[in-house]
Amino acid sequence: MLANILRIAKMEYKEDMYYKLNVILEGMNAVIEIIVYIFIWMAIYGKESVINSMSIEQMSTYYILSISLALIVEWGIDAQIGNSIRKGQVNRELLNPISYFQYYFGKKLGETAYMAIISVGAFAICSIIFGVILPANIFHFISFIIMVLINIVVLFFIDIIIGMCAFYTNMIWGMTVFRKAIITICSGLIAPITLFPIWFQNISKILPFQEFIYTPVSIYMGMIEEKEILLTFGKQIIWVLILYVIAKKFYNRAIKNITINGG
């Protein structure tokens, strides 16, 4: 099973990496976005050395990491799933010797690896330009990596749920845009969660979105204590289970009433 998933991931990665110009353009776009955010915050800080307990150096590191992670977080396979259903290709996917979930998880891993290359490149370039604060310690760095890996699974099930809505709506472009908007706002990409109203912060503590960017970056920078880190791991694992159950119910109901277009 694992070998098949990794084989699909490898194929997806090679397919994405085929057009080298896309890799360069994606990386340049990320670097420019980071520079714009940092310049905006430099203007906001002005002569202030600290805002909301964060120095300009910490805020720069926050956005270098945030935009780098956003490349992985905002990239989804829901559009692929939706197009497959709309074009009638799903009938072949359902007959694969590997399960439907495993097949698309392999694709998710391949695309994540592709975006991770761009993410690391953007992070390296901007770290040279602006400098970056090093991880608080080895525990926080390892915890940062673990959180990112858990989030890949959470994001996969979100993608699956949205993608399979194409069984009912046929087109999911609007839902894909909505997913990206929710993640952008609620993950802490626009601004650290602590700058939002208290009611928003309280809701964010329940939903899984702030763990996509704000939490791992905060872990990296040592802004979250070790006990709280373990609690965030537990929270995201619970969300993995919840989203898996929802995705499975979507899938089981959809294939009972499947209507193939084209193919």
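1. Let me start with the pocket you will probably look at first. Helix 7 gives the largest share of the lining of the largest pocket, six residues. Please keep in mind throughout that this is a predicted model. About 390 Å³ of space lies in this largest pocket, and helix 3 (56–73), helix 6 (100–130) and helix 7 (138–164) are the elements that give two or more residues to its lining.

2. Which residues lie nearest the centre of the largest pocket? They are Leu 69, Ser 119, Val 120, Phe 144 and Ile 145, out of 16 that line the pocket. By class, the lining has 13 nonpolar and three polar residues, with no charged ones.

3. The second largest pocket holds about 290 Å³ of space. Its lining counts 15 residues, and Lys 205, Gln 210, Tyr 214, Thr 215 and Glu 228 lie nearest the centre. Here the classes divide into five nonpolar, six polar and four charged residues. Helix 12 (226–256) supplies the largest share, four residues, while helix 10 (198–206) and helix 11 (214–220) each supply at least two.

4. Back to helix 6, which also helps line the largest pocket. With 31 residues, helix 6 reaches 44 Å from its first C-alpha to its last, close to the 45 Å expected at 1.5 Å a residue. Gly 131 follows helix 6 and has a positive phi, near 85°.

5. Now for the rings: the structure holds 23 aromatic pairs. One of them joins Phe 101 and Tyr 251, whose ring centres are 5.6 Å apart with planes at 70°; that angle is over 60°, so the pair counts as edge-to-face. Because Phe 101 lies in helix 6 and Tyr 251 in helix 12, the pair ties together parts that are 150 residues apart in sequence. Both Phe 101 and Tyr 251 are buried.

6. A further pair is worth a look. The rings of Phe 144 and Tyr 220 have centres 5.6 Å apart and planes at 65°, so this pair is edge-to-face. Phe 144 is in helix 7 and Tyr 220 in helix 11, 76 residues apart, so the pair links distant parts of the chain. Phe 144 and Tyr 220 are both buried, and Phe 144 is also among the residues nearest the centre of the largest pocket.

7. What lies over the face of Phe 101? Lys 248 does, at 5.2 Å from the ring centre. Phe 101 also belongs to one aromatic cluster, together with Tyr 100, Tyr 103, Tyr 104, Phe 105, Phe 156, Phe 157, Tyr 244 and Tyr 251.

Note on methods: Residues numbered from 1 in each chain as written. Predicted model: local features only at pLDDT ≥ 70, side-chain atom pairs only at ≥ 80, totals over all residues. Heavy atoms only, no water. 1 Å grid on protein atoms, 1.4 Å probe; cavity = no way out; pocket = protein on both sides within 12 Å on 5 of 7 lines; lining within 4 Å. Points joined across faces, edges and corners; volume = space filled by probe spheres on them. Nonpolar A, V, L, I, M, F, W, Y, C, P; charged D, E, K, R; others polar. Expected span 1.5 Å × (residues − 1). Phe/Tyr/Trp six-rings, centres within 6.5 Å; stacked < 30°, edge-to-face > 60°. Buried < 20%, exposed > 50% of the residue type's maximum accessible area, 1.4 Å probe, protein only. Lys NZ or Arg CZ within 6 Å of the ring centre and 35° of its normal.
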